[in-house]
Number of protein chains: 4
Amino acid sequence: MKENEKLKVYPLSDIEYLKIHGRTTKCLSPLTVFWTGGGIELNVKGSELWVEVEVDYDIYEPWISVVINSAPVSRQMLISGRYWVCLFRGMSEGIVKNLRIIRDVQAMSADPSCSLKIHAVKFDGEFLPVEERLYKFEFIGDSITSGEGIIGAKVEDDWISMWFSAVYNYTAMTAAAFNAEYRVISQSGWGVFTSWDNNPYCNIPKYYDKVCGLLNGEKNEALGAFEENDFESWQPDVVVVNLGTNDMGAFNSPEWRDEATGESHKQRLNDDGTFNEEDIKAFENAVEGFLVKLRKHNRTANIVWVYGMLGSIIMPAIYRAVDNYKKNSGDIKVSVFQLPNTTDEAVGSRNHPGRLSHERAAKELIGYIKEVLVNR
Amino acid sequence: MKENEKLKVYPLSDIEYLKIHGRTTKCLSPLTVFWTGGGIELNVKGSELWVEVEVDYDIYEPWISVVINSAPVSRQMLISGRYWVCLFRGMSEGIVKNLRIIRDVQAMSADPSCSLKIHAVKFDGEFLPVEERLYKFEFIGDSITSGEGIIGAKVEDDWISMWFSAVYNYTAMTAAAFNAEYRVISQSGWGVFTSWDNNPYCNIPKYYDKVCGLLNGEKNEALGAFEENDFESWQPDVVVVNLGTNDMGAFNSPEWRDEATGESHKQRLNDDGTFNEEDIKAFENAVEGFLVKLRKHNRTANIVWVYGMLGSIIMPAIYRAVDNYKKNSGDIKVSVFQLPNTTDEAVGSRNHPGRLSHERAAKELIGYIKEVLVNR
Amino acid sequence: MKENEKLKVYPLSDIEYLKIHGRTTKCLSPLTVFWTGGGIELNVKGSELWVEVEVDYDIYEPWISVVINSAPVSRQMLISGRYWVCLFRGMSEGIVKNLRIIRDVQAMSADPSCSLKIHAVKFDGEFLPVEERLYKFEFIGDSITSGEGIIGAKVEDDWISMWFSAVYNYTAMTAAAFNAEYRVISQSGWGVFTSWDNNPYCNIPKYYDKVCGLLNGEKNEALGAFEENDFESWQPDVVVVNLGTNDMGAFNSPEWRDEATGESHKQRLNDDGTFNEEDIKAFENAVEGFLVKLRKHNRTANIVWVYGMLGSIIMPAIYRAVDNYKKNSGDIKVSVFQLPNTTDEAVGSRNHPGRLSHERAAKELIGYIKEVLVNR
Amino acid sequence: MKENEKLKVYPLSDIEYLKIHGRTTKCLSPLTVFWTGGGIELNVKGSELWVEVEVDYDIYEPWISVVINSAPVSRQMLISGRYWVCLFRGMSEGIVKNLRIIRDVQAMSADPSCSLKIHAVKFDGEFLPVEERLYKFEFIGDSITSGEGIIGAKVEDDWISMWFSAVYNYTAMTAAAFNAEYRVISQSGWGVFTSWDNNPYCNIPKYYDKVCGLLNGEKNEALGAFEENDFESWQPDVVVVNLGTNDMGAFNSPEWRDEATGESHKQRLNDDGTFNEEDIKAFENAVEGFLVKLRKHNRTANIVWVYGMLGSIIMPAIYRAVDNYKKNSGDIKVSVFQLPNTTDEAVGSRNHPGRLSHERAAKELIGYIKEVLVNR
């Protein structure tokens with residue numbers, strides 16, 4: 001193999017026109033990519049480009065997708081170590097390409113060792129400015145929003161990184177339709193009040209204020225995951241919250257026992273299958289409380305609570321909670337929107353929405369956000 | 001990162017149930033994967049699997065896709081060197097997976113250094129037999145059959161490996177519909193008589209008898225590329241020939257000058273835009289001659305000459321040639337079938353058929369092959 | 001033309017296996033077809049069949065569609081008069097056909113002269129039993145449910161019978177998916193509380209108890225339109241209510257002045273665009289009140305309130321009202337489901353949902369009713 | 001019912017801006033609509049319009065579709081007699097509508113009594129000029145081109161008028177895509193050389209010169225069906241010939257005995273299933289002969305021979321014949337194009353192409369004609 005002798009190494013901090021996606025710290029040496037959909041974007045005029053990653057994990061390895069001029073061209077597992085990955089080579093020197101490296105896998109709360117860092121770029125050309133996008137969108141959710149099940153055969157049932165996708169995800173498709181920059185805050189199995197298995201600590205609101213607060217361990221602390229997030233620096237136009245599916249699941253799951261306190265937790269159904277009044281109220285309070293917190297940090301955003309890709313049973317409680325929030329706050333830039341349910345032919349792996357289901361959800365959501373942005 | 005201590009290395013030659021795809025030599029130490037769509041297939045019960053590749057090139061690097069239980073899960077560039085690639089990890093030990101590693105890029109006649117070899121597998125489980133498929137299909141073609149342009153944005157125009165795909169290709173889709181094992185013999189720019197730019201040496205029939213005769217150089221000779229192909233060992237049920245598009249292009253391209261002989265070559269049009277009689281006859285003779293060769297090596301196959309994904313102007317000549325062949329040979333298992341043209345919305349990169357165009361072509365071809373297999 | 005001498009006239013009352021669709025009286029001499037989607041169904045073994053209709057109107061003529069073996073074969077305007085219409089001829093005598101004659105246009109409250117009656121059938125064969133269907137569905141709605149705008153070019157804006165369809169309507173498609181018999185109670189412009197132009201008398205609940213109470217005039221009285229409906233004789237499994245679109249419209253329309261009382265009526269918005277609290281509450285009370293009435297008459301039906309095909313702004317109020325109803329009544333067989341909004345390419349004539357929009361709505365609604373019928 | 005007193009009767013011959021579609025005579029008192037797809041077109045500013053038809057038949061009644069502003073609004077059987085049919089009423093007086101009345105059923109060679117005449121229009125407004133279309137297309141074919149099987153359930157097998165459609169037909173769709181005026185010359189069961197059942201008199205070329213020469217009887221003679229067609233007055237830009245399907249069928253059908261001469265006719269297959277050389281040559285001669293005739297009458301048209309919607313077995317012979325014709329004539333504006341085969345889900349009634357199959361065929365044909373019109 002012939003060496004390309006024009007390649008030069010650029011630490012991220014030396015790249016003038018670096019665009020960073022996803023919530024993270026200010027550190028560029030290296031940059032930690034915490035969340036799915038996060039990564040870097042560059043406009044580059046040159047023929048060959050590599051990126052230096054540093055990867056670690058005990059259980060769940062990260063994956064990345066590479067997107068060139070908005071087309072996904074590769075998707076690969078990143079094994080542990082610090083090494084260079086070639087993103088393209090042999091392209092025309094004089095032509096500008098838009099390049100994105102996207103983390104395809106959610107932040108992994110269950111593996112404190114899991115991390116993906118980017119140190120530098122090796123390149124033989126010139127960096128150019130990345131166009132500022134029209135809008136900023138934030139998506140908050142669970143496994144659906146993490147893109148669990150978009151990849152893989154229907155039979156797959158292992159809970160592993162391989163089945164996740166940030167690219168063929170309703171989040172990415174919706175943002176692309178508006179030429180919006182976007183961020184994703186999501187975690188499989190989690191809810192707004194409780195996880196699918198009644199663990200009350202696994203809720204997104206609890207950690208929303210931190211850079212990536214749902215992670216654990218000293219390593220993540222050192223990476224800045226538990227710092228306060230700088231909301232001022234990135235105020236979204238639209239916040240989409242897609243939570244409720246796991247809160248609903250909790251009503252159908254056994255109790256969860258907290259080994260630390262000895263307490264058990266369980267969202268209860270009545271004998272006739274209706275919700276226990278107190279427990280559904282706790283869920284509603286969590287929705288309302290989260291809206292208060294979201295508004296505090298996102299002062300002007302249109303907030304849309306979406307739900308329905310895996311059934312819509314808990315929807316009345318969501319409507320009640322949002323109603324209450326609006327009545328109590330006077331905030332009118334909040335609404336609820338039902339996403340289409342996942343039909344049989346649109347199921348992906350792990351009984352989760354597949355790519356077709358994400359496409360359908362995006363289509364409906366795009367229509368709704370259009371109205372929201374025009375009318376309110 | 002925790003080491004998986006159960007992993008054991010298996011040279012390919014030690015794997016009892018190894019299934020090899022694509023035309024190659026008998027050598028397993030290492031296995032050379034010459035053609036697009038080629039690679040290895042395994043049925044494996046275990047949690048983690050790596051493959052050891054050895055890769056070289058001067059210009060055009062190979063890419064692979066990994067397909068698990070028939071679903072594509074990753075696709076990546078292979079840089080030069082000898083190293084291990086992890087295909088999956090963290091899966092349930094006790095569940096059998098079907099695994100395929102597929103070369104996504106055509107044999108590269110323009111880069112004698114380009115090679116992809118597989119040495120070994122590192123695995124923590126048990127190998128199981130791969131089910132014998134119902135049919136064997138062979139596809140012979142040019143850039144269309146090589147899947148050039150399936151990947152990448154419409155604006156892309158560089159001629160590089162990145163835009164090729166064996167997976168979202170009409171060949172793979174057609175074979176899958178019949179549960180057929182398949183092989184691809186193809187080269188961008190080449191024809192049955194001449195290349196798109198009138199180079200008469202760039203035709204597939206000339207090299208069809210060899211393992212991968214269109215390659216060049218000592219390295220490929222050492223790999224066995226120029227050995228006689230063992231047709232006896234793999235007799236297809238259907239041979240699909242998709243050639244003619246570049247032969248047509250030659251009529252619209254300038255002459256090609258052979259520096260070795262000083263001769264120039266050019267397929268000519270008359271002033272009224274019709275074909276020069278002698279030149280179109282030469283094309284027809286090449287079609288007929290190739291059919292004679294194909295029948296010699298594939299004694300019982302149904303041979304289908306397909307054409308039309310990038311226009312169908314030369315079709316009458318194809319029909320004439322196939323007619324002549326049938327009349328002269330008495331062979332009735334040969335026919336012609338027009339594939340749907342690539343409409344604007346189905347164009348991929350490099351003005352080639354995109355994924356949607358391949359899907360449409362596959363749909364029509366599947367229908368036609370069904371009839372062929374039933375009726376004849 | 002040759003006469004078919006085997007034809008015999010059968011008054012409807014003489015036909016043993018006559019199946020009547022749509023809410024109507026017990027009178028068969030003649031049968032009045034009041035509602036869209038209503039009509040007669042026959043299983044017939046014979047070659048030629050005519051139906052004798054009697055039609056009147058001052059402004060809005062009725063239309064019918066003829067459906068043979070579930071395929072629509074004709075659709076025509078019925079001009080005034082009493083006459084015979086040929087539904088089929090020249091068919092094989094010995095083969096049984098399923099035949100439906102369907103009123104394609106809603107009951108016309110604005111034209112007291114409009115009526116469609118069926119007197120008799122002229123036929124040359126044998127009547128056979130019509131299979132009892134698995135389910136009974138009732139649909140209650142406005143212009144959307146009346147199928148206004150399914151027929152005709154996008155530019156059409158006249159309010160005339162020609163643009164209505166009962167056949168390419170989400171009601172018919174949804175019922176067909178479940179092999180359900182169905183009835184439709186609907187009126188363009190009407191709501192659950194008020195019409196689109198703030199006329200408080202134009203609401204469906206007010207007239208729900210009568211056979212076809214929203215009609216006017218002595219002629220309709222004589223036809224039995226104002227008789228109490230016999231709910232006992234037809235208890236649906238599912239009641240779909242698609243009301244709210246015109247109630248929402250009222251908030252954006254000028255006041256309506258009641259010439260009789262001199263009173264004006266207007267659903268008001270606040271200056272910030274939110275709903276006037278009293279007025280939205282009146283809407284919610286109307287929803288709740290209608291649910292009470294629906295449950296009284298349909299004792300075991302699953303009631304599904306659907307909404308969203310022309311925007312979903314008033315949805316929170318629907319959720320609140322249904323919540324209240326459920327809390328106050330303890331009735332758990334009531335729910336809310338959002339239908340997909342009509343996208344640009346799915347708009348029909350008169351800015352109403354076109355056939356494509358009805359197909360999409362049916363697809364989602366079918367999925368939801370499946371769950372409802374299984375789970376609850 | 002209120003009478004519309006503004007209605008006035010206009011004999012066709014009194015309407016200045018009358019546009020006639022389909023091949024017919026010059027007679028307007030009345031106008032005979034011989035062919036499927038034929039009829040009249042008007043641009044009208046007014047509220048209500050009726051048409052006076054005169055209809056006769058012994059066996060096969062005609063049907064019409066009404067198309068307003070390019071949208072089909074009704075479709076109905078026309079029973080025998082002379083009477084008025086209302087096409088629209090209640091529309092805005094001041095708005096111009098484009099109106100087409102289209103014969104939905106082919107000329108019926110098997111029923112010499114079958115005729116459809118138009119005498120007059122009754123209207124309350126003003127006639128306006130009909131825009132001249134960009135192109136003129138002629139379609140020549142068999143049952144496929146007659147639209148047999150587009151209407152009706154899959155189970156239908158009676159040969160009756162009801163299953164025919166000129167509207168959801170590839171002919172109409174193709175013409176519409178080019179804003180082309182079009183004519184259709186077609187007959188179910190007929191071929192270019194012989195009918196499906198080996199009757200050598202049932203071929204289109206034999207009657208192509210006459211207005212509607214394939215009809216029979218004195219009545220049709222009186223209507224002018226057997227007059228020479230005036231080709232000068234209507235020179236098409238494109239002639240699409242879709243023949244060959246029945247010629248192929250003849251090879252698989254029993255012989256046909258000519259009672260007049262005692263002779264039997266049969267297109268033969270050899271024992272190995274290939275075509276008898278003499279018989280396939282007779283077919284090819286018929287194709288070539290028809291091309292000579294077509295060119296004589298259509299001096300500048302691009303002629304496209306299409307085939308394949310119900311299989312493509314005889315295609316090589318079509319290519320040979322067209323080749324021969326081109327070689328012998330030097331005519332280069334003739335080509336062959338394969339239409340997509342009818343897949344299972346696209347079958348209509350009577351095992352014929354359904355609406356979906358016609359849509360697919362139109363899509364491919366539109367693409368091809370675009371190239372033909374641009375390049376040649």
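Before looking at any helix pair I fixed the terms: axes are lines fitted to C-alpha atoms, for helices over the stretch in contact, and angles run from 0 to 180 degrees between N-to-C directions. Helices (H or I, at least four residues) and strands (E, at least two) are DSSP runs, numbered from the N terminus.

I noted that this is a predicted model, in which local features need pLDDT of at least 70 and side-chain atom pairs count only at pLDDT 80 or more, while totals for chains, interfaces and linings use all residues. Residues are numbered from 1 along each chain as its sequence is written, chains are lettered from A and ligands numbered from 1 in the order in which they are written, and side-chain values use heavy atoms, with hydrogens and water left out.

**Entry: helices α5 and α6**

In chain C, I looked up helix α5 (residues 277-297) and helix α6 (residues 315-329), which pack at an angle of about 45 degrees with axes 9 Å apart. α5(C) and α6(C) are therefore oblique to each other, given that angles under 35 degrees count as roughly parallel, over 145 as roughly antiparallel, 65 to 115 as roughly perpendicular and the rest as oblique. The crossing of α5(C) and α6(C) is right-handed, a crossing being right-handed if the near helix is turned clockwise from the far one by less than a right angle, and left-handed if anticlockwise. Among the residues making the contact (heavy atoms within 4.5 Å) are F283(C), V287(C) and L291(C) of α5(C), and I318(C), A321(C) and Y325(C) of α6(C). By class, I recorded ten nonpolar, two polar and five charged residues in the contact of α5(C) with α6(C); Ala, Val, Leu, Ile, Met, Phe, Trp, Tyr, Cys and Pro count as nonpolar, Asp, Glu, Lys and Arg as charged, and the others, Gly among them, as polar.

I then turned to chain A, where the axes of α5 (residues 277-297) and α6 (residues 315-329) come within 9 Å and cross at roughly 45 degrees. α5(A) passes α6(A) in a right-handed crossing. The residues that meet include K281(A), E284(A) and R295(A) in α5(A), and R320(A) and N324(A) in α6(A).

**Entry: between the chains**

For chain A and chain B, I found 38 residues of chain A in contact with 38 residues of chain B. The area buried between them is about 3000 Å², of which carbon and sulfur atoms give 55%; buried area is the accessible area (1.4 Å probe) that two parts lose on being put together, summed over both. Across this interface the rule finds two salt bridges, each a side-chain nitrogen of Lys or Arg within 4 Å of a carboxyl oxygen of Asp or Glu. R89(A) forms a salt bridge with E61(B), the closest N and O atoms being 2.5 Å apart.

I also looked up E61(C), which forms a salt bridge with R89(D), with the closest N and O atoms 2.5 Å apart. This pair crosses between chains, from the loop between β5 (49-56) and β6 (63-68) of chain C to the loop between β8 (81-88) and β9 (96-103) of chain D. No contact joins chain B and chain C, whose closest C-alpha atoms lie 17 Å apart.

**Entry: backbone details**

I noted that the peptide bond from S29(C) to P30(C) is cis, with omega near 0 degrees, and that P30(C) sits in the loop between β2 (19-21) and β3 (31-32) of chain C. N69(A), although not a glycine, has a positive phi of about 50 degrees.
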